[in-house]
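This briefing covers charged pairs, surface patches and the cover of one helix. The sequence and the structure come before the notes.

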Amino acid sequence: MKTTISQVHKHVGEEVTIGAWLANKRSSGKIAFLQLRDGTGFIQGVVVKAEVDEETFALAKSMTQESSLYVTGTVSEDSRSPFGYELQVKSLELIHEAVDYPITPKEHGPEFLLDHRHLWLRSKRQHAIMKIRNEIIRSTYEFFNTHGYTKIDPPILTGSSAEGTTELFHTKYFEEDAYLSQSGQLYMEAAAMAFGKVFSFGPTFRAEKSKTRRHLIEFWMIEPEMAFMDHEDNLEVQEQYVSHVIQSVLENCKLELQALERDTTQLEKIQAPFPRITYGDAIKLLKEKGFDDIEWGDDFGAPHETAIAESYDKPVFITHFPLDIKAFYMKPDPENPDVALCADLIAPEGYGEIIGGSQRIDDLDLMKQRYAEHELGEDAYKWYLELRQYGSVPHSGFGLGLERTVAWITGTEHVRETIPFPRLLNRLYP
Ligand code: 4AD
Ligand code: MG
């Protein structure tokens, strides 16, 4: 019977056939150990010379790395492997013999691996990262679908900027100018006025000349937007959502976390509520930690975020940033109009900002004033201003960067490994 590696636990003692690739192998004169993968998982196939025909044993010994095959054998339990099962091979059928697979079990440098990303995805570590990415996406939909949100898809080709004009990718749209979306937020605000609570999940683009371990040119963002919710309500949604995602990964990706050697005790602590610190207090904390140069009004860089996060073992909200260093749409705090009703959520263990969010300006005149201050032409945003003209309500939302979240949960140093085909400053291949 044909099955997959993920299903072998249902067939202990039975003979099964699996379509697979040869990830690695070891052999001696009498026995061969085949490390097999089929996309659903990894399993060891044991070929004993005395128990198979000559042809099968010869094939097991000669088969090259990444050759594809049908393998038939009996499933047995194997307490020594973390996976728990093994295949006692009866016969092998070669589908295609691979030639000189470039990624060998030895170490390769990151540029070499990125040049071979289309093949690198097959390796155990990359497989585990992508499976966890998938579980984060699955549990995201689960969370928002069970909390009354409607998924709405904002456009990717847009006529104006959502976050600031310096990071836009420009393209022609017939006779007009168009830009690739940096954020779906403005459209999600329109959607929130139509559906109450909404969320989006899609690619976003930033023409940033940043070459850090946290920056991609193309990344995926989850952007919820909620009518009748203020700054405090917004933070509560975020901490519940992030906790749900972490707990889902812990529950459903045990083998993957193990393959990555992730210290899960750090993740187990991630339960709402999360601590909050104001920007002003964060500046004080940084000064105490020896950042003498930082002054009120400065934006935080990676070292600052890491230093703040070190004081907590959960993600921490930094709230009430100066209005001047944040986006035009953020609502000023009525009690102190120099700061915004906003928060960045900083992940523990040095992974940096994973969420940016805020309560939005709902007053038409104030929004127009902010447009003038930011020198944004009102024409392109006419529709956005109209949202403040017809039954404007308090509303809030946020954007979670998927790749930074994957990096944190999987314990991956650089975001380039957290997306199937990374787009980096110097990389558009493969
Ligand atoms: O803080 P950002 O720029 O916020 C927005 O775009 C808002 N409009 C979101 C909203 O309120 N709906 O981006 C949100 C998150 C960041 O916290 C970070 O996790 C991620 O997106 N991010 C990036 N991830 C990878 N590479 C980049 N270049 C990123 N820029 C932002
Ligand atoms: Mg931000």
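**Cover of helix 10**

Helix 9, strand 13 (316-319), strand 16 and strand 17 are among the elements that cover the buried residues of helix 10. The model is predicted. The points below begin with that helix and go on to the loop before it, a nonpolar patch and the salt bridges.

**Helix 10 and its buried residues**

- The buried residues of helix 10 are His304, Glu305, Ala307, Ile308 and Ala309.
- Helix 10 itself spans residues 302-309.
- Strand 16 covers residues 342-347 and strand 17 residues 352-359; both are included in what covers the buried residues of helix 10.
- Helix 9, also part of that cover, runs over residues 279-288.

**Negative patch**

- Asp292, Asp293, Asp298 and Asp299 form a negative patch on the surface.
- Asp292 sits in the loop that joins helix 9 (279-288) to helix 10 (302-309).
- The relative accessibility of Asp292 is 58%, so this residue counts as exposed, the cut-off being over 50%.
- Asp293 is placed in the loop between helix 9 and helix 10.
- Asp293 has a relative accessibility of 71% and therefore counts as exposed.
- From Asp293 to Arg133 the C-alpha to C-alpha distance is 38 Å, and the two residues are 160 apart in sequence.

**Nonpolar patch**

- Leu157, Tyr173 and Phe174 make a nonpolar surface patch of about 360 Å².
- Phe174 belongs to the loop between strand 8 (170-173) and strand 9 (176-180).
- With a relative accessible area of 72%, Phe174 is exposed.

**Salt bridge within helix 4**

- Glu142 and Arg138 form a salt bridge, with 3.1 Å between the closest N and O atoms.
- Because Glu142 and Arg138 are four residues apart in helix 4 (residues 124-146), about one helical turn separates them.
- Glu142 counts as partly exposed at 31% relative accessibility.
- Arg138 is likewise partly exposed, its relative accessible area being 38%.

**Salt bridge between distant parts of the chain**

- A salt bridge pairs Glu349 with Arg262, and the closest N and O atoms are 2.8 Å apart.
- This pair links distant parts of the chain, the two residues being 87 residues apart.
- Glu349 lies in the loop between strand 16 (342-347) and strand 17 (352-359), while Arg262 lies in the loop between helix 7 (254-259) and helix 8 (264-268).
- Are the two partners buried or exposed, or in between? Arg262 has 10% relative accessibility, so it counts as buried, the cut-off being under 20%. Glu349 counts as partly exposed at 37%.

**Other salt bridges**

- Lys287 and Glu295 form a salt bridge in which the closest N and O atoms are 3.5 Å apart.
- Lys287 has 33% relative accessibility and counts as partly exposed.
- Glu295 is partly exposed too, with a relative accessible area of 42%.
- Arg37, Glu66 and Arg122 are joined into one network by salt bridges that share partners.
- How many salt bridges does the structure hold? The count is 28.

Definitions and conventions: Residues are numbered from 1 along each chain as its sequence is written. Chains are lettered from A and ligands numbered from 1 in the order in which they are written. This is a predicted model: local features need pLDDT of at least 70, side-chain atom pairs count only at pLDDT 80 or more; totals for chains, interfaces and linings use all residues. Side-chain values use heavy atoms; hydrogens and water are left out. A salt bridge is a side-chain nitrogen of Lys or Arg within 4 Å of a carboxyl oxygen of Asp or Glu. Buried means under 20% relative accessible area, exposed over 50%, partly exposed in between (1.4 Å probe, protein chains only). Patches are made of residues with over 30% relative accessible area and no salt bridge: like charges are joined within 9 Å, nonpolar side chains (Val, Leu, Ile, Met, Phe, Trp, Tyr) within 5 Å. Accessible areas come from the Shrake-Rupley method with a 1.4 Å probe; for residues, only the protein chains shown count as cover. Lys and Arg count as positive and Asp and Glu as negative; His and the chain ends are not counted. The place of a charge is taken as NZ of Lys, CZ of Arg, CG of Asp or CD of Glu. Contact means heavy atoms within 4.5 Å.
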